[in-house]
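Trainee: Could you take a close look at one part of this model with me? I would like to follow a single stretch of the chain and see what lies around it.

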Amino acid sequence: MTDIATRATRRVASPGGRRRLNGGGPRAGTIFAFVIPFFLPFVLFYLVPVGYALWQSVRVVRRTGGQYGTSYTTFGGFEQYTKVFQNDEFWSSVGRIGLFGIVQVPVMLFVALVIALLLDTPLLRLKSVFRITAFMPYAVPGVIAAIMWSYLYSPQLSPVVDLLNGIGLKPDFLGPGAVLWSAANISTWLWTGYNMLIMFSALQSIPQELYEAAKLDGASNWTIAWQIKVPIIAPSIILTTVFSIIGTLQLYAEPAVLRQISSNISSTFTPNMLAYAVASGNNYQQAAAISVVIAVITFVLSFGFMRLTSKRAGL
């Protein structure tokens with residue numbers, strides 16, 4: 001065994017051995033084979049579309065010979081971005097979605113946190129049933145969920161509206177002052193279970209000995225929940241908040257479906273709907289500029305929130 005070990009050591013120490021271990025052809029080829037399945041789709045379906053959108057956003061359409069002359073596309077610099085920042089409909093949609101996020105995201109995450117804490121308490125029975133029930137809405141596609149809720153909002157079809165009308169409440173879920181919050185309710189119903197599962201998974205990783213020590217010090221279940229569990233899972237709460245900020249700025253399906261039954265939702269109700277409406281008018285360059293601006297706003301808000309909260313949480 002000693003002779004074998006000595007020979008192996010000499011082979012590794014030799015230049016040829018070092019080449020085989022530190023960068024030989026077979027090893028490099030194996031690494032390349034593992035990277036390609038991720039790298040190729042990443043380039044084709046992420047980097048290429050982003051690069052194409054950036055390229056389109058700095059292009060403009062010009063015409064020769066007046067309004068009905070021949071059109072051609074040329075480099076326009078920041079002209080499309082100037083039009084975006086001067087577009088009142090764009091800023092109205094951003095303000096509307098900002099109001100949506102300020103109200104909907106905290107409510108959704110608070111409900112998700114409460115459900116996660118309840119599922120983690122030893123006092124609750126049938127935890128698996130409640131966990132599946134809370135997560136089940138996330139399994140419903142967003143468009144299908146919006147169609148289901150639009151049926152419940154419709155004054156002509158909804159049994160809920162009929163019931164509330166019967167007791168004199170007379171709600172108008174699709175009215176100008178309520179339609180935004182009707183869309184927020186759909187998003188909350190759809191995504192609460194997803195965020196709850198992330199928080200609940202973080203709670204499951206906390207050592208039980210920590211709870212036992214807290215109980216020996218006289219801590220109640222309420223104290224353990226809000227002073228021990230919540231601070232420990234702060235990274236998960238931050239993560240779900242970042243995901244929610246990104247999702248809010250991408251809002252499209254819910255208002256687009258509700259628009260079919262409500263005249264209070266325009267084609268420019270959200271920034272994404274505005275970009276789609278502009279692209280539908282064959283102004284792809286302007287739509288690309290709107291999309292890039294939305295992406296930049298999303299990055300600034302999500303990254304800024306993550307940096308701010310991470311510093312305060314000591315992460």
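Mentor: Happy to! Let's start at Ser310, which sits in helix α15, residues 284-313. Helices here are DSSP runs of H or I with at least four residues, strands are runs of E with at least two, and both are numbered from the N terminus. Please keep in mind that this is a predicted model, where local features need pLDDT of at least 70, side-chain atom pairs count only at pLDDT 80 or more, and totals for chains, interfaces and linings use all residues. Residues are numbered from 1 along each chain as its sequence is written, and side-chain values use heavy atoms, with hydrogens and water left out.

Ser310 counts as buried because its relative accessible area is 18%; the cut-offs are under 20% for buried, over 50% for exposed and in between for partly exposed, using a 1.4 Å probe and protein chains only. Now look across from Ser310 to Pro235: they are 75 residues apart in sequence, yet 7.7 Å apart in space, C-alpha to C-alpha.

Residue 235 falls within helix α12, residues 234-249, and α12 brings us to the part I want to show you: its axis and that of α9 come within 9 Å and cross at roughly 160 degrees. That angle makes α9 roughly antiparallel to α12. On this scale, under 35 degrees is roughly parallel, over 145 roughly antiparallel, 65 to 115 roughly perpendicular and the rest oblique. The axes are lines fitted to C-alpha atoms, for helices over the stretch in contact, and the angles run from 0 to 180 degrees between N-to-C directions. The crossing of α9 and α12 is right-handed, meaning that the near helix is turned clockwise from the far one by less than a right angle, while anticlockwise would be left-handed.

Who touches whom here? On the α9 side, Tyr194, Asn195, Ile198, Met199 and Ala202 meet Ser236, Ile237, Thr240, Phe243 and Ser244 of α12. The residues of this contact divide into 6 nonpolar, 4 polar and no charged. A contact means heavy atoms within 4.5 Å. For the classes, Ala, Val, Leu, Ile, Met, Phe, Trp, Tyr, Cys and Pro count as nonpolar, Asp, Glu, Lys and Arg as charged, and the others, Gly among them, as polar.

Helix α9, residues 179-204, has another partner in α7, residues 142-153: those two pack at an angle of about 130 degrees, with their axes 10 Å apart. Because of that angle, α7 is oblique to α9. The crossing of α7 and α9 is right-handed. From α7, Gly142, Ala145, Ala146, Met148, Trp149 and Tyr153 meet Ser182, Asn185, Ile186, Trp189 and Leu190 in α9. This contact of α7 with α9 has 8 nonpolar residues, 3 polar and no charged.

Let's stay with α9 and turn to its rings. Rings of Phe, Tyr and Trp (the six-membered ring for Trp) form a pair if their centres lie within 6.5 Å, and planes under 30 degrees apart count as stacked, over 60 as edge-to-face and the rest as tilted. By this rule the model has 15 aromatic pairs. One of them, Phe78 with Tyr81, is tilted, at 6.1 Å centre to centre and 55 degrees between the planes. Phe78 is exposed because its relative accessible area is 63%, whereas Tyr81, at 12%, is buried. Back in our helix, Trp191 and Tyr194 form an edge-to-face pair, with 5.7 Å between centres and 90 degrees between planes. Both residues lie in α9, 3 residues apart, which is about one turn of the helix. Trp191 is partly exposed because its relative accessibility is 34%, and Tyr194 is partly exposed too, at 23%. Trp191 and Tyr194 also join Phe135 and Tyr138 in one aromatic cluster.

Ahead of α9 comes a loop from α8 (159-166), and Lys170 is found there. Lys170 has a positive phi of about 50 degrees although it is not a glycine. Most residues other than glycine have a negative phi. Lys170 is exposed, at 62% relative accessible area.

To set this part in its frame, the protein has 15 helices and 2 strands, and of its 315 residues, 34% count as buried.
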